[in-house]
Every structure is written in structure tokens, then in C-alpha cells.
Amino acid sequence: MRVKVAKWGNSLGIRLPSAAADSVGATAGSELDLTIEVGELRLRSIRKTSAQLLEEVLDEMERLGPGQEPETVDWGPDRGSEIIDDDYSRGILVEGPDGAPVRAGSLATRQPKKR
């Protein structure tokens, strides 16, 4: 696809044909990542990481203030694969001193080794 370079203030600019903009989801005001490789210019849409998205959400929550928290939604009891029924959730296994899982009762009943 050919585009024409035009003067834009002290810079140069190109217009993105609508098909090109649509294919990467670019709209007016979108930011694109420009890389320069041996004689080539490459434009890519910027994909935000989940950490960046979370940071934006937290910033917006802080901006709105404490009175603007969303209402808590009660989804009802857990069903199907949401239910975790294993030795950890029942308290049978706990994290031992070295981080390895151990049976909950075995920590208190362990006798120190004689040397």
C-alpha cells in the first residue's frame, strides 16, 4: 500500500488509509510503536500488558476517590469447577518451615532430632 509523505509543521507525516488503520485498530489519537530497521520504518499497534492495564484501573480508582467504589456483586454460591475441595482448602496440608507442604498436625507432633 502506497502512502504519500506530507509536511506537517516542522515534521513530516503520512495519512493512514482507513483499511490500514482498521486492521490494527488505530483511531484518531491512538499511539503506535515506530521502529526503524535497516532502511525501513515499521508501525505497530501497542499492546498493553495486564500489569499496565491494572495500573490504569488503579490510577482511575484513585482519581475518582473512595466514594466511587463499585457496588459489590453477590454471584451466589460456588458451583462446578469454581469449588476447590482439596487438602489445602480443608486445612489438612499447610506450608512447612521450608515451604514444602506438610500435614497440619505433623508440625506440632514432630520431635527434634537427637544429635
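Here are some questions and answers about this predicted model.

Me: Which elements give two or more residues to the nonpolar patch on the surface?
Reply: Let's start with who is in the patch: Met1, Val3, Val5, Leu12, Ile14, Leu16, Leu34, Ile36, Leu41 and Leu43, with about 1,100 Å² of accessible area together. Now sort them by element, and the ones that give two or more residues turn out to be β2 (11-14), β3 (32-37) and β4 (40-45).

Me: Is Met1 buried or exposed?
Reply: Met1 is one of the residues in that nonpolar patch, and Met1 sits in the segment before β1 (5-8). The cut-off for the top class is over 50% relative accessible area. Met1 has 74%, so Met1 is exposed.

Me: And Ile14, is that one buried, exposed or partly exposed?
Reply: Ile14 lies in strand β2 and belongs to the nonpolar patch too. Buried needs under 20% and exposed needs over 50%, with partly exposed in between. The relative accessible area of Ile14 is 39%, so Ile14 is partly exposed.

Me: How far apart are the C-alpha atoms of Ile14 and Arg44?
Reply: Along the chain, Ile14 and Arg44 are 30 residues apart. In space, the distance between their C-alpha atoms is 15 Å.

Me: Which element supplies the largest share of the lining of the largest pocket?
Reply: The largest pocket has a volume of about 790 Å³, and 26 residues line it, with Ile14, Arg15, Leu16, Leu32 and Leu43 nearest its centre. At least two lining residues come from each of β1, β2, α1 (18-24), β3 and β4. The largest share is five residues, and it comes from β4.

Me: By class, how many residues in that lining are nonpolar?
Reply: The lining of the largest pocket is made of 26 residues. Among them, six are polar and three are charged, while the nonpolar ones number 17.

Me: Which residue forms a salt bridge with Glu37?
Reply: The model has five salt bridges in the count, and Glu37 takes part in one of them. Glu37 is partly exposed, at 33% relative accessibility, and its partner is partly exposed as well, at 36%. The closest N and O atoms of the pair are 3.0 Å apart, and the partner is Arg42.

Me: What are the closest N and O atoms of Arg42 and Glu40 apart by?
Reply: Glu40 is partly exposed, with a relative accessible area of 39%. For a salt bridge, a side-chain nitrogen of Lys or Arg has to be within 4 Å of a carboxyl oxygen of Asp or Glu. Arg42 and Glu40 do form one, and their closest N and O atoms are apart by 3.2 Å.

Me: How many residues apart in sequence are the parts tied together by Asp87 and Arg103?
Reply: The side chains of Asp87 and Arg103 meet in a salt bridge, at 3.9 Å from N to O. Asp87 lies in the loop between α2 (50-64) and β5 (93-95), and Arg103 in strand β6 (101-103), so the parts this pair ties together are apart in sequence by 16 residues.

Me: Which residues do salt bridges with shared partners join into one network?
Reply: Look back at the partners: Arg42 pairs with Glu37, and Arg42 also pairs with Glu40. Sharing partners in this way, the salt bridges join into one network Glu37, Glu40 and Arg42.

Notes. Residues numbered from 1 in each chain as written. Predicted model: local features only at pLDDT ≥ 70, side-chain atom pairs only at ≥ 80, totals over all residues. Heavy atoms only, no water. Patch = residues over 30% accessible without salt bridge, like charges linked within 9 Å, V, L, I, M, F, W, Y side chains within 5 Å. Areas by Shrake-Rupley, 256 points an atom, 1.4 Å probe, with all protein chains shown as cover. Helix = DSSP H or I, 4+ residues; strand = E, 2+ residues; numbered from the N terminus. Buried < 20%, exposed > 50% of the residue type's maximum accessible area, 1.4 Å probe, protein only. 1 Å grid on protein atoms, 1.4 Å probe; cavity = no way out; pocket = protein on both sides within 12 Å on 5 of 7 lines; lining within 4 Å. Points joined across faces, edges and corners; volume = space filled by probe spheres on them. Nonpolar A, V, L, I, M, F, W, Y, C, P; charged D, E, K, R; others polar.
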